[in-house]
Amino acid sequence: MTTAADPPERTGPAIPRPGHQLLLLEGGTALFPALVEAMDAARRVIHLETYIFEFAGSALSVAEALERAARRGVLVRLVVDGVGTPKVPLEWQQRFAQAGVRWRVYSPLGRLGLLIPSRWRRLHRKLCVVDGTVGFCGGINLIDDCDDVALGRLKVPRLDFSLRVAGPLVDDMVETMEQLWWRLQAVRRARQREFKAAWDALRETLPVGDFSRLLKKIEVFTALAPRAKGNAEGNEAAPFPDGPMGVNDARAALLLRDNVSHRHDIERAYLKALGAARHDIVIANAYFVPGRRLRRALTMATARGVRVRLLLQGRYENFFQYRSARPVYQELLDAGIDIREYAPSALHAKVAVVDRTWATVGSTNLDPLSLLLAREANVMTTDRRFAQLLHQRLDALVEHAGHKLDAASLGLRPWYQRALDRFAFGVMRALLFVTGHRY
């Protein structure tokens with residue numbers, strides 16, 4: 001995968017650091033109560049970013065927690081994407097305004113919508129940080145597990161994962177979320193012709209030179225933030241015991257993808273892990289159309305004896321999502337890779353484990369929208385205990401909840417179906433070329 005006329009990147013993928021608490025959360029039924037618990041304990045600041053925020057069903061509990069926090073004096077900042085959440089209901093606009101929740105829409109579509117290629121760059125990451133001490137990162141949108149934008153009401157909850165994390169990388173989460181917030185503020189001020197205020201807001205997004213400056217910036221910010229009423233001092237994240245899906249003192253890092261300084265960090269982390277694999281690779285990914293380099297890394301791993309298993313979306317959501325993936329499936333199946341389509345319900349996960357020593361949980365699909373255009377965030381860890389826990393869960397899902405694809409059957413489908421596959425794949429590549437990318 002290459003990008004035409006890409007400037008050199010200023011930074012590389014983050015290096016895992018020790019001292020993290022990692023807790024795997026499966027589905028909104030696990031994530032939403034954890035978010036609410038953290039938000040209800042918040043004293044100073046809540047940052048929240050999401051692609052989809054559905055103000056209905058179980059996701060309402062998160063909206064209500066934001067409202068409660070703002071009413072007691074916590075500074076609450078919410079950013080939603082203009083495609084995933086095109087409109088916040090009027091009732092909740094009013095409730096947020098009365099409570100003091102500050103919210104913005106990332107890249108609203110406007111009249112021409114997605115006809116403008118620059119608007120294909122979406123905010124797809126799902127991040128939350130409370131008081132700078134506890135963070136959440138994963139693939140779970142704020143939508144009920146049994147509601148689906150494309151598929152309607154699901155009989156079985158969708159499969160997805162998120163992480164509750166504490167430790168040094170939470171500072172990185174705060175930094176990237178603050179930078180985006182102030183960029184949005186700058187754009188808003190510029191549109192209102194308040195150019196000095198726009199410049200002041202933009203200056204807040206300038207890169208921080210070193211870690212000590214980052215800590216100073218966070219300390220200043222939290223000192224200025226309003227203190228919630230009636231809370232005691234101290235805001236250390238409480239440790240949780242190892243197991244069943246959590247570990248303490250893990251090495252981990254935050255990986256970002258944006259269109260400035262982290263264009264390929266997440267893809268490169270995947271490539272490095274796949275290239276070093278010696279025994280086993282398990283990937284669960286919702287929208288799987290990897291580029292040449294990732295496909296080559298997977299096929300080369302298989303060629304040197306690595307067991308490669310993919311658990312992918314089995315539901316037809318839209319023409320291009322379904323059809324453009326089939327030629328890629330055929331290539332990988334022919335190379336001996338085991339591909340399963342998740343059968344019980346929709347799959348929305350974006351997780352992977354390599355050799356039970358490397359794992360990632362985040363928002364990044366292995367497709368061109370995530371790898372080339374969207375803002376994404378993953379947590380990567382080299383903690384063997386956590387990798388083993390995630391591997392056990394994925395292994396059970398692959399073996400018992402996946403429908404195995406067969407290379408011969410896929411290749412013997414009627415000619416017109418295979419022609420539609422090639423057409424969708426070709427159109428996808430042509431559209432990416434319009435944005436200056438080759439895939």
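**Nonpolar cores, a surface patch and cysteines**

In the largest nonpolar core, which has 42 residues, Ile281, Leu310 and Ile339 touch the most other members. Several helices and strands supply this core: those giving two or more residues are helices H7 (265-276), H8 (292-303), H10 (326-334), H11 (368-373) and H14, together with strands S12 (280-285), S13 (307-312) and S15 (350-354). The largest share, six residues, is provided by H7. The model described here is a predicted one.

Leu310 offers a helpful place to look at the surroundings of one core residue. Once its neighbours within four places in sequence are left aside, Leu310 is in contact with Ile283, Phe288, Leu332, Ile337, Asp338, Ile339 and Arg340. A second core, separate from the one around Leu310, has 40 residues. Phe161, Val174, Ala349 and Ala401 are among the members of this second core.

The surface has a nonpolar feature too. Trp415, Tyr416 and Leu420 make a nonpolar surface patch of about 370 Å². Trp415 lies in helix H14, which covers residues 415-434. Is Trp415 buried or exposed? With a relative accessible area of 64%, Trp415 counts as exposed, because exposed means over 50%. Helix H14 is thus worth a second look in the structure: H14 holds Trp415 of the patch, and H14 also gives two or more residues to the largest core.

Finally, the cysteines can be considered. A disulfide is a covalent bond between the sulfur atoms of two cysteines. How many disulfides does a search of the whole structure find? The search finds zero. Two cysteines can be located in the interior: Cys128 is buried, with a relative accessible area of 2%, and Cys137 is buried as well, at 0%.

Definitions and conventions:
Residues numbered from 1 in each chain as written. Predicted model: local features only at pLDDT ≥ 70, side-chain atom pairs only at ≥ 80, totals over all residues. Heavy atoms only, no water. Disulfide = S-S within 2.5 Å. Buried < 20%, exposed > 50% of the residue type's maximum accessible area, 1.4 Å probe, protein only. Patch = residues over 30% accessible without salt bridge, like charges linked within 9 Å, V, L, I, M, F, W, Y side chains within 5 Å. Areas by Shrake-Rupley, 256 points an atom, 1.4 Å probe, with all protein chains shown as cover. Salt bridge = Lys/Arg side-chain N within 4 Å of Asp/Glu carboxyl O. Helix = DSSP H or I, 4+ residues; strand = E, 2+ residues; numbered from the N terminus. Core = buried A, V, L, I, M, F, W, Y, C linked by side-chain atoms within 4.5 Å. Contact = heavy atoms within 4.5 Å.
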